[in-house]
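Visitor: I'd like to know how the labels people put on a structure are earned. Can you walk me through a few?

Guide: Happy to. Let's have the model up first.

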Amino acid sequence: MIKATEHPPVLLDIKWDIVGKKEAFEAALPDRAIVLLDEARTQNLALDDVRYAVVWQPEPGLFASLPSLEVIFSLGAGVDHVVRDPQLPDVPLVRFVDSDLTGRMVEWVVLQVLMHQRRQRTYDRQQRERNWHEVPQPAAHQFRVGIMGLGTLGQACAKVLAALGFQVNGWARTAKTMDGVTSFAGQDQLDGFLSHTDILVNLLPLTEDTRGILSRPLLEKLARNGPFKAPVLINAGRGGSQVEADIVSCLQDGTLFGASLDVFETEPLPKESPLWGFDNVIITPHMAAVSDPAALARHVAKQISRYENGQPLEHVVDRSRGY
Ligand code: NDP
Ligand code: OXD
């Protein structure tokens, strides 16, 4: 039986890295039962009175088995893993927006930009070879960083990169006004944005419009007159936006100078992927910005409190746009 409390229980369907998550939710929501889906299944608990579910990659059809569901919370900023359910009920879907997550993404993106700009991979190799050799070092202001997706995360990265002296451009569906950042918007301005980009950072959500967008035709439109004479691709958005066969061939034929990839078409990245083998490709295991359990639990508790007190929920996904 689910522990009886005055308040409806919260269901956690978090498949990976469960450590500490249930405890964090119990601390943030001390007056209600926190139920893990796996526990509910093994103990045959009825989920009829679950009104809130916090999910990561829920199995299709899960929501249809929760008759009292009122709000869905995504464990992450992205919601592609939720909206793909054909039986998704018509209830608000709240994504995770939080300064902790944003800060982590800024760290990862800035680190990757600097790793390429400062030629760190070359120095790593030279260190292994005990080789004392300085390579040409263009300054930040000589690079044009183009950020695709100028939302919560893209804007935060843009600010820090601009403060470091990079020329920063951003592309989104709608135009933005940001100090020190040139805004490009919509399909009409995509080619202009790409032709002014030496380092491309993808922070787009995965939707039907952005699936497969990082393909050879797009990569060939990036600038080839920057400091490295070929562009760098950095992707922390979603693997579904990249066509990995194209990225591999662009790395092989010099269309791309290098890449940093945190997300992949298939995760974990299969051992046989050629992407593992490039000197100037940095691979990380979808960890650019992990959701801190305590920050996530505080966010969910705050939104439940707003909802139950008649205030509007924040960070609700626009289902027609898919993000
Ligand atoms: P936001 O919703 O705040 O921003 C999305 C941005 O993408 C907006 O600027 C939006 O434009 C733009 N956009 C969406 N669709 C299009 C399109 N078709 N054409 C042009 N621009 C488009 O999302 P966040 O910044 O919070 O997060 C972005 C993504 O980052 C997440 O969806 C997730 O996939 C990924 N992510 C990855 C993590 C990791 O660890 N690797 C961690 C967290 C997030 P507009 O502003 O005009 O609406
Ligand atoms: C997210 C992620 O969407 O971690 O937050 O990928």
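Guide: Start with Leu150: one of its backbone N or O atoms sits 3.0 Å from an oxygen atom of ligand 1. Keep in mind that this is a predicted model.

Visitor: What makes that pair with Leu150 a polar contact?

Guide: The cut-off is 3.5 Å between N or O atoms, and the Leu150 pair is at 3.0 Å, so the name fits.

Visitor: How do you know that Gly237 makes a polar contact with ligand 1 too?

Guide: Its backbone N or O atom is 3.4 Å from a ligand oxygen. That is still within 3.5 Å, so Gly237 counts. Tyr323 uses a polar side-chain atom instead, at 2.5 Å from an oxygen atom of ligand 1.

Visitor: How much of ligand 1 does the protein cover?

Guide: On its own the ligand has 940 Å² of accessible area, and 92% of that is covered by the protein.

Visitor: Which residues come nearest to ligand 1?

Guide: Out of 28 around it, Arg95, Thr174, Lys176, Asp262 and Tyr323. By type, the shell splits into 14 nonpolar, 8 polar and 6 charged residues. Helix α6 (152–163) and strand β7 (167–172) each supply at least two of the shell's residues.

Visitor: Now helix α10, residues 293–308, where Arg306 sits. Why is Arg306 called buried?

Guide: Buried means under 20% relative accessible area, and Arg306 has 17%, so it's buried.

Visitor: What does Arg306 contact, leaving aside neighbours within four places in sequence?

Guide: Gln311, Pro312 and Glu314.

Conventions:
Residues numbered from 1 in each chain as written. Chains lettered and ligands numbered in written order. Predicted model: local features only at pLDDT ≥ 70, side-chain atom pairs only at ≥ 80, totals over all residues. Heavy atoms only, no water. Helix = DSSP H or I, 4+ residues; strand = E, 2+ residues; numbered from the N terminus. Buried < 20%, exposed > 50% of the residue type's maximum accessible area, 1.4 Å probe, protein only. Contact = heavy atoms within 4.5 Å. Near = heavy atom within 4 Å. Polar contact = N/O pair within 3.5 Å; in protein donor to acceptor, adjacent residues only side chain to side chain. Areas by Shrake-Rupley, 256 points an atom, 1.4 Å probe, with all protein chains shown as cover. Nonpolar A, V, L, I, M, F, W, Y, C, P; charged D, E, K, R; others polar.
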